[in-house]
Every structure is written in structure tokens, then in C-alpha cells.
Amino acid sequence: MKHTVITGHYGSGKTNIAVNLALNAAKNSQKKVFLIDADIVNPYFRSADNEDILKEAGVELIAPMSANTNLDIPSMPATVARVFNTDCEVIWDIGGDDAGAIVLGRYAEDIRKQGYEMIYIVNFYRPMTESEEEMTELMGEIERASKLEVSSIADNSNLGVETTAETVRAVEQKVKDLSLKTGLPVKFRSVDEKLKEDFPDDLHIKMVTKKLW
């Protein structure tokens, strides 16, 4: 599989997940790793904010033209085409709603041909994504805009610096219920590295992330 597409609502932590996935891929893969910041809508918490960390790890960042500037309408650079002609692994960080995901539709056909996984990041503590109905509705909007289908969900429920082990455990049933409702498998549940000792393997915490801002 060449393309991993990370999506989810604003504030779900999708960008932090995308950056961590890219860093992990760079450690474990023999292939070139690209991280494409395809979020041309939200100027906050961008993958592009971590360019130095990514570069040091050997990850090549492709970001919207004029990212991290005051220009109102950034656009994707022509260099995106490189990933379709290179033996590589690609992590896509796309916008948090249908407007943010629409940019992916431009590349959907090529992504589909080369193989992809689209992971929907959820955070049950964020406004507007506190119920299964809200999450599945947004998921459908993102699928239609991006012209790609979500293949799995990943739980990143947290309360920022106030997150405790109980915060993570409290949503376990909600994660299971969402998986049943959508028919999608749970790819992983994530926890900040400071809490990793609180979780035995049988709790399916399969991703430990570093907060990068």
C-alpha cells in the first residue's frame, strides 16, 4: 500500500497523527517517505509547522503553496505529482470537513490506482463529533468530497494536557459502537507517550504519539 490518507474533524488530532505516522514510516521503511499537507483550509496546527522535525527524520514535506503565510487562498504545488512516479510511501493530511477534503478529489484516481488506506480519526471529546451520528455524517461528507472511501477508524480521544488514562478508557465502548455502526475496523487507538505505561497490550493501544506543538 502506497498512500495513507488521514482525515477527521478539526481538533481530532489528525495532523499530529499524520506527522507521527510519517516519522514512524521513516524509521521502518526502506522507501522514501513523503508527508503531504493537503489542508488548504485550516491555517492552524499544520503539518508544515513541523518541517524541521520531518526533514531531520528524512521525511520530505509537500505543503500548500504559501503555507504559513498570510495569503488567503493557498494551493497545492505541482511537486505533488512526484509521489505518483516514485517508489515511496505517502502520508496525506487532509482538511477536517468536506471543504478541506475536496482538494484530494483532484488526485483520487491516481491514489486509487496505486492503493490506499483512508483512516478517519475520531476524538469523542471534541464539539460536533461527540456522537456516532455526527461522526458518520461528517465521514460521508468527506468521502463524497475526496472521492475516496474511509477504510478504518482510529481513536485519538483526548483532552489535551488534561488527558489521563481514565480519559482514554472512558470512550472504549463508544469506539466499539462506532465501529459496529460503520462496519469499519478500528485501526488503532492512540495515547500520548507520557501515558503509555498505563496501558497493557490487551487494551489495543497500538499507537503512541508525541505531541509536536
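Select Glu-109 and Lys-113 in this predicted model. Their side chains form a salt bridge, with the closest N and O atoms 3.5 Å apart. Both residues belong to helix α4, which covers residues 108-114, and they are four residues apart, about one turn of the helix. Colour the pair by accessibility: Glu-109 is exposed, with a relative accessible area of 54%, and Lys-113 is exposed as well, at 62%.

**A bridge between two strands**

Next, select Glu-117 and Lys-187. Their side chains meet in a salt bridge of 3.2 Å, taken from N to O. This pair links distant parts of the chain, since Glu-117 is in strand β5 (residues 116-122) and Lys-187 is in strand β7 (residues 186-192), 70 residues apart. Are the two partners buried or exposed? Glu-117 is buried, with a relative accessible area of 14%, while Lys-187 counts as partly exposed, at 38%.

Now display Lys-32, Glu-60 and Arg-82 together. Salt bridges that share partners join these residues into one network.

**A buried bridge**

Move to Lys-14 and Asp-93. Here, too, the side chains meet in a salt bridge, at 3.1 Å from N to O. Lys-14 lies in helix α1 (residues 14-28) and Asp-93 in strand β4 (residues 88-94), so the bridge ties together parts that are 79 residues apart in sequence. Because buried means under 20% relative accessible area, Lys-14 falls in that class at 5%, and Asp-93 does so at 0%. Across the whole structure, a search finds nine salt bridges. Side chains of opposite charge can pair when their charged atoms come close.

**The nonpolar cores**

Hide the charged side chains and select Ile-36, Trp-92, Ile-94 and Tyr-120. These are the residues with the most contacts inside the largest nonpolar core, which has 36 residues. Which elements each supply at least two residues of this core? They are β2 (32-38), β4, α4, β5, α5 (132-146) and α7 (172-182). Of these, α5 gives the most, with five residues.

Centre the view on Trp-92 and show its surroundings. Leaving aside residues up to four places away in sequence, Trp-92 touches His-3, Thr-4, Val-5, Ile-6, Ile-36, Ala-38, Val-80, Phe-84, Leu-104, Tyr-107 and Ile-111.

Another core, of 19 residues, lies apart from the largest one; Leu-21, Ala-22, Leu-54 and Ala-63 are among its members. In soluble globular proteins, nonpolar side chains tend to be buried together.

**Two helices that cross**

Display α5 and α7 as ribbons. Two packed helices are described by the angle between their axes and the distance between the axes. The axes of α5 and α7 come within 10 Å and cross at roughly 50°. The two helices are therefore oblique to each other, and the crossing of α5 and α7 is right-handed.

To see where α5 and α7 touch, add side chains. On α5, select Glu-132, Glu-133, Met-135, Thr-136 and Met-139; these meet Asp-177, Leu-178, Lys-181 and Thr-182 in α7.

**Two stops in loops**

Follow the chain to Lys-147, in the loop between α5 and β6 (152-155). What is the phi of Lys-147? The value is positive, about 65°, although Lys-147 is not a glycine. Most residues other than glycine have a negative phi. Lys-147 is also exposed, with a relative accessible area of 52%.

The other stop is Tyr-10, in the loop between β1 (3-8) and α1. Tyr-10 counts as partly exposed, at 24% relative accessibility. Select Arg-126 together with Tyr-10: the two are 116 residues apart along the chain, and their C-alpha atoms are separated by 8.6 Å.

**The whole chain**

Finally, zoom out and colour by secondary structure. The protein chain has seven helices and eight strands. Of its 213 residues, 51% count as buried. Among contacts in the protein chain with a separation of 6 or more, 73% are between residues 24 or more positions apart. The bridge between Lys-14 and Asp-93, whose positions are 79 residues apart in sequence, can be viewed again with that figure in mind.

How values were computed: Residues are numbered from 1 along each chain as its sequence is written. This is a predicted model: local features need pLDDT of at least 70, side-chain atom pairs count only at pLDDT 80 or more; totals for chains, interfaces and linings use all residues. Side-chain values use heavy atoms; hydrogens and water are left out. A salt bridge is a side-chain nitrogen of Lys or Arg within 4 Å of a carboxyl oxygen of Asp or Glu. Buried means under 20% relative accessible area, exposed over 50%, partly exposed in between (1.4 Å probe, protein chains only). A nonpolar core is a set of buried Ala, Val, Leu, Ile, Met, Phe, Trp, Tyr and Cys residues joined through side-chain atoms within 4.5 Å. Contact means heavy atoms within 4.5 Å. Axes are lines fitted to C-alpha atoms, for helices over the stretch in contact, and angles run from 0 to 180 degrees between N-to-C directions. Angles under 35 degrees count as roughly parallel, over 145 as roughly antiparallel, 65 to 115 as roughly perpendicular and the rest as oblique. A crossing is left-handed if the near helix is turned anticlockwise from the far one by less than a right angle, and right-handed if clockwise.
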